[in-house]
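Take a look at the model below. Some questions and answers on it come next.

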2 protein chains.
Amino acid sequence: MKKGSYSPTASPTLSDVAREAGVSAITVSRTIRSPEKVSKASRLKVEAAIAKLGYAPDPAASALASKTSTTIGLLVPSLTNNVFADVVRGVYDGIEETRFFVQIGNFRYSALKEQELLRVFLRQKPAGLILSGFDQTQEATRMLKNAPCPLVQIMDIGPQPADMAIGFDHKEAARTATRHLLEQGYTKLGFLGARMDPRSQARYEGFKDVCKDAGKLDEKRIVTTLQPSSVSMGRQLFEALLAKTPDVDAILCNNDDLAIGVLTEAQRRNIQVPDDLGICGFNDIDIARNMMPEITSVATPRYDIGRRAIQMILDEIAEPGSVADRNQDVGFELVPRQSTARRR
Amino acid sequence: MKKGSYSPTASPTLSDVAREAGVSAITVSRTIRSPEKVSKASRLKVEAAIAKLGYAPDPAASALASKTSTTIGLLVPSLTNNVFADVVRGVYDGIEETRFFVQIGNFRYSALKEQELLRVFLRQKPAGLILSGFDQTQEATRMLKNAPCPLVQIMDIGPQPADMAIGFDHKEAARTATRHLLEQGYTKLGFLGARMDPRSQARYEGFKDVCKDAGKLDEKRIVTTLQPSSVSMGRQLFEALLAKTPDVDAILCNNDDLAIGVLTEAQRRNIQVPDDLGICGFNDIDIARNMMPEITSVATPRYDIGRRAIQMILDEIAEPGSVADRNQDVGFELVPRQSTARRR
DNA sequence: TTGAAAGCGCTAACAA
DNA sequence: TTGTTAGCGCTTTCAA
């Protein structure tokens, strides 16, 4: 076992390759970055030399000279969150086999922290940037306006992206889910929310809107917390809700974790789902879909958003201005299942 | 909305700060990296200048000059996996407020891909490297031996880490879980496994060991797949198992996702858990803990492993050779719950 | 199509 | 404790 001897090992450089190939360093650089600008003869010599020496470019030197790195920054509010786990997966799948890297920054739902991360990330001269939503600080917004790279704001929709945006309408999604509960014949609708970020807030507003319009809004049936979301939190919030308003007959949960918590707690209390209690989640994660009973949820294209966001960035890098639709609404889909299939 | 104009913006440099503070560039560099080597007077002047100009160092220039970047590489076999999500979280929490970045590489359970990622990562002159397990290719192992930075192999234990290691004994963990099932009076033990990576294999071996010793091994009650793990997969594997050996009375699942799938499928089939069927999961994730009935599982310190691994790296960076215990076994804990609490 | 020269912003090594 | 000098490995610019 080695101990504390981490000396840098020398790797071949551009000049080494150039010497080996009998050309100049810049010709090697060109064969790597734009082979079409190099004669076939040179190209072959260089390629042979690269192979022989096992050369690979030094990204730091390249970034310093060109003022652009191969790093794409991805700023997320949370790493615990299932939602962002899927986004991250999409982004990574999209980046694979390209010359780019992804660097994740976790700003823990703090706009100020996001701003500072942004500052640090920008120092790296990123090739692209992916942000969550539109709720940056003024200072962050200013930095974004001058960002020297393509950037995509994801998850939400809004009128004015700093550069590009892709997401869906959270308020409308909640409206749709709430209408579904009413249509199923539920009349005493409750709402459970944890970690009330801007998008959760929008869902909450959507729920209130529809309830109000239907004359069925009772604020006492709304329980939220700023703490992180989890299955246990779902149970706790449900308990709190029951303590306040035991007559609640359907619950819209801000996400599926909460919904699972409500379902399992209902089972413990022998509350029949969906007859005594309807449950609707949000996001449609695999587990919720497989519960017994299966949980109704709003399917959101999280993976797809990540995948598409990174593609937008890659396209813009390849050809600035080439992304035509710079403000995409990818929609959502209500998936009715057993947990709201009340027998009327 | 801007379109395709991503020109680099000039940021203040070290010399700008130096000029502002009335000192030399190297003094600024020193106040940032080792303030104790600078007089208080200089330090205050420099700090004021940094604040005034909003200076932040250019990591590329720094990496080029010092031959070490501030990037710490984290190579994981999967991003879908709950286990690695927790590890990643631990790593990110540990890196916060330091000057380092984490760059994740997803090698999709392919040792060859891991090797290629390693090669690419090493070109970045990483400040540290975190790898999963001990199953690197020969070529990768060779690269690791010469790695110019601290590295930690995580999740597993083994006799010979390349540099440092932290994990637990998967085989022993499975042994403990299997013994528990026998102690609870179950006699027809089955095993369900998805995505059989080396650590899953070890758990599988542990299960077989104990069953064999107890004279209760029946290979027909083992169903595994190379496909990814999920709740739906748990249901599928359970169905396959029941089709082969309907008399199975307890199942050790390779992870909690599978266990949840088994539980919900059992509920659909009206199989009573724990009386007709005992279920034991692996990892002890929040959801499994909150199912009805609550699922017995083997708690594994995933977050902690990530947190500690990054700390080992930071310690080694700060003071090479300072990490005393370079091969840590962090253990596991069986958490018996309702899903195996058979009434005898 | 190719190359020479200059320099990106920082740090290592040495000197004062 | 502070500064000077040189150069990390690449790309940009300009010229041939």
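The turns below cover the two chains, the DNA contacts and the aromatic rings.

This is a predicted model, where local features need pLDDT of at least 70, side-chain atom pairs count only at pLDDT 80 or more, and totals for chains, interfaces and linings use all residues. Residues are numbered from 1 along each chain as its sequence is written, chains are lettered from A and ligands numbered from 1 in the order in which they are written, and side-chain values use heavy atoms, with hydrogens and water left out.

Q: What rotation superposes chain A on chain B?
A: Copies are superposed by least squares on C-alpha atoms of residues with pLDDT of at least 70 in both. The fit has an RMSD of 0.7 Å, with 0.4 Å of shift along the axis, and the rotation is 180 degrees. That is the relation of a two-fold axis.

Q: Which residues come nearest to DNA strand D?
A: A residue is near a strand if one of its heavy atoms lies within 4 Å of it. There are 24 residues around DNA strand D. The nearest are Leu14(A), Ser29(A), Tyr55(A), Ser39(B) and Ser42(B).

Q: Which residue of chain B has a polar side-chain atom 2.5 Å from a phosphate oxygen of DNA strand D?
A: A polar contact is a pair of N or O atoms within 3.5 Å. In chain A, a polar backbone atom of Leu14(A) is 2.4 Å from a phosphate oxygen of the strand. An N or O atom in the side chain of Tyr55(A) is also 2.4 Å from a phosphate oxygen of DNA strand D. In chain B, the residue is Ser39(B).

Q: Which helix gives the largest share of the surface near DNA strand D?
A: Helices are DSSP runs (H or I, at least four residues), numbered from the N terminus. α2 (25-33) and α4 (59-66) of both chain A and chain B each supply at least two residues. The largest share, five residues, comes from α4(A).

Q: How is the pair of Phe191(A) and Phe207(A) classed?
A: Rings of Phe, Tyr and Trp (its six-membered ring) pair if their centres lie within 6.5 Å; planes under 30 degrees apart are stacked, over 60 edge-to-face, the rest tilted. Here the centres are 5.2 Å apart and the planes 40 degrees, so the pair is tilted.

Q: Are Phe191(A) and Phe207(A) buried or exposed?
A: Buried means under 20% relative accessible area, exposed over 50%, partly exposed in between (1.4 Å probe, protein chains only). Phe191(A) lies in strand β6 and Phe207(A) in helix α9, 16 residues apart. Both residues are buried.

How values were computed. A polar contact is a pair of N or O atoms within 3.5 Å; within protein, one must be able to donate a hydrogen and the other to accept it, and residues adjacent in sequence count only if both atoms are side-chain atoms.
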